Amino acid sequence: MRYRVINKNKEFLRVYGKGKAQVHPQVVVYVLKNRLGYTRVGFTATKKVGKAVKRNRARRVMRAALCQVMPYDVGSWDVILVARAQTPGLKSTQLEKTLRKLLTRAGLLEKES
RNA sequence: CGAGUGAAACAUACGGCGGCGGGGCGGCUUGUCCGCUCUGAGGAAAGUCCGGGCUUUUCAGAAGCAUGGUAACUGCUAACGGCAGCCGGGGGUGACCCCAGGGAUAGUGCAACAGAAAGAAACCGCCGCAUUUUUGCGGUAAGGAUGGAAAGGCGAGGUAAGAGCUCACCAGCGUUGUGGUGACACAGCGGCUAUGUAAACCCUACCUGAAGCAACCUCCGUAUGGGGCAUGGGGCCUUUGGUCCCGGCGGAGCUUCGCGCGCCCCGGAGAGGGCUUGAGCUUGCUGGCAACAGCAAGUCGAGAUAGAUCGUCGUUUAAUACAGAACCCGGCUUACGGUUCAGUCGUUUU
RNA sequence: UGGGGAUUUGUGUAAGGGUAGCACACCAGACUCUGACUCUGUUUGUGAGGGUUCGAAUCCUUCAUCCCCAA
């Protein structure tokens, strides 16, 4: 089992335009409901983050952190994580805390102790 | 010990747990699945500065012109602006390193300011003659001043004063001889020599069609998409023709039913190929100063498509720099970590 | 990923290898009781390194940054 992936530019633009954003210096999370019945995930790192090595690392860190925080299917949602300049320098354990906070605020995760 | 030079190999180790891309095998609940197993980034993958393969194109393959590029010589290479050796020049105490290094008597241009003068020169000065005694004519590149550069350098002879005018040595040019495949070096002789710039135009020799895998090829044919052509049916009239209407084809003329859409162009949601066995890599031998070539044996080492190598714990003195394949090779350039080896210089000790 | 272009003062732009200009802005002064307008003056620059040249914004080369084009 793994994440279903958003891979079309149209889909990204739809989520950016209509979805809700949760902003943090370490990462930005866009969330939007879909009608597919399952969860889709996208990871983005622009050229502002750095060159190829830094962008790849940013995507890896975001993917590893999301695996620890969110189960593979939480309902009909599209989720996009956008890396910021700090992201490639982080450990995934640091990013887990902020992701848990942001996803709870967005309503995808229930509050837990 | 310190400073510096050249070369080589390696470049996030090892183990546990979890996770990712690709191939193969197996399972059944046939799919966005599960299990096992093999494999999975670089020395620069980077910059895109050159050269090739490959593909398309209006065949450019032979010759010429234009444009752009290269530039000592000999070799190596598929080719190159690359590499090796060698020549010449330059830098460093040295190990060693650097050089777009053809032609300025083929021609044109430029050399600001300064300076008399920037090309075949007379401002001052020096000398001779004349003279109204402070000017005119002539000779002269030794001296002055300017400049990045001042008409081969320096010494002696010579002279009215001077001058390659003459001579020795040195530099440059031409020519002859010797050595070398050659660039060139050495020696002799000759006349006595017109600055720099060609990374200014240019001349000479050689090379060069253009674009790039988002190239290109194939499938599918969606909103029964848009346009054109062909052809058919019906009505009317001035009937070998004109005009209007209808339209995928067929049953049978509308409705309706069945089949599944005449040809060409545009549009293009999407899928696949191109895609990795190649001037390949490793080891040994032979030839060559070397670059490199040849032979033999062994070997297969990514192929993604929102784009795969990570997270965490432990061990060792410590796990770290620059940095991520995207069609593929050969170079160059730039970025960068510690390690090893071989030379050099300085200081100290023996 | 591939291809192309640009970089001159705070901003916009000129400049045949020979002192880097122009306009606006900023600052100072004058005019005014004060401000604006106007006038006068000053300051502020060739993206970085290396090379060719007597001398580079300009010529050559290696980098850096920014922009554009091609699904």
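Which residue stands opposite Arg 4 in β4? I started there. The model is predicted. In β4, Arg 40 stands opposite Arg 4.

**Entry 1: the sheet**

I then traced the strand order. The sheet is open, has 5 strands and runs β1-β4-β5-β3-β2, with mixed pairing. I noted the edges next: β1 and β2 are the edge strands, and each pairs on one side only. For background, strands of a sheet pair through backbone hydrogen bonds, either parallel or antiparallel.

**Entry 2: pairings**

I went through the pairings.

- β1, residues 4-5, runs parallel to β4, and 2 bridges join them.
- β4 also runs parallel to β5, residues 77-83, with 5 bridges between them. Here I looked up Val 41: its bridge partner in β5 is Val 79.
- β2 and β3, the latter spanning residues 27-33, are antiparallel and joined by 4 bridges. I found Lys 20 opposite Val 31 of β3.

**Entry 3: helices on the sheet**

I looked up two helices next. Helix α2, residues 52-69, packs on the sheet and touches β3, β4 and β5. I read its direction against that of β4 as about 150 degrees. Helix α3, residues 92-106, packs on the sheet too, touching β2, β3 and β5. The direction of α3 makes about 30 degrees with that of β3.

**Entry 4: strand β4**

Is β4 buried or exposed? I checked residues 40-44, and 5 of the 5 are buried, so the strand is largely enclosed by the rest of the structure. The cut-off for buried is under 20% relative accessible area. I split the strand by face. In a regular strand the side chains alternate between the two faces of the sheet. On one side of β4 I have Arg 40, Gly 42 and Thr 44; on the other, Val 41 and Phe 43. Both faces are covered, since these residues are all buried. Arg 40 thus appears twice in my notes: it is buried, and it faces Arg 4 across the β1-β4 pairing.

**Entry 5: Gln 22**

I turned to the β2 edge. Gln 22 lies in β2, which covers residues 20-23. How is Gln 22 placed, buried or exposed? Its relative accessible area is 12%, so Gln 22 is buried. Which side chain makes a polar contact of 3.3 Å with that of Gln 22? I found Arg 105. Leaving out residues up to four places away in sequence, Gln 22 touches Val 27, Val 28, Val 29, Leu 102, Arg 105 and Ala 106. I set this list beside the element ranges. β3 covers residues 27-33, and α3 covers residues 92-106.

Conventions:
Residues are numbered from 1 along each chain as its sequence is written. Chains are lettered from A and ligands numbered from 1 in the order in which they are written. This is a predicted model: local features need pLDDT of at least 70, side-chain atom pairs count only at pLDDT 80 or more; totals for chains, interfaces and linings use all residues. Side-chain values use heavy atoms; hydrogens and water are left out. Buried means under 20% relative accessible area, exposed over 50%, partly exposed in between (1.4 Å probe, protein chains only). Two strands pair if DSSP finds at least two bridges between them. A polar contact is a pair of N or O atoms within 3.5 Å; within protein, one must be able to donate a hydrogen and the other to accept it, and residues adjacent in sequence count only if both atoms are side-chain atoms. Contact means heavy atoms within 4.5 Å. Axes are lines fitted to C-alpha atoms, for helices over the stretch in contact, and angles run from 0 to 180 degrees between N-to-C directions.
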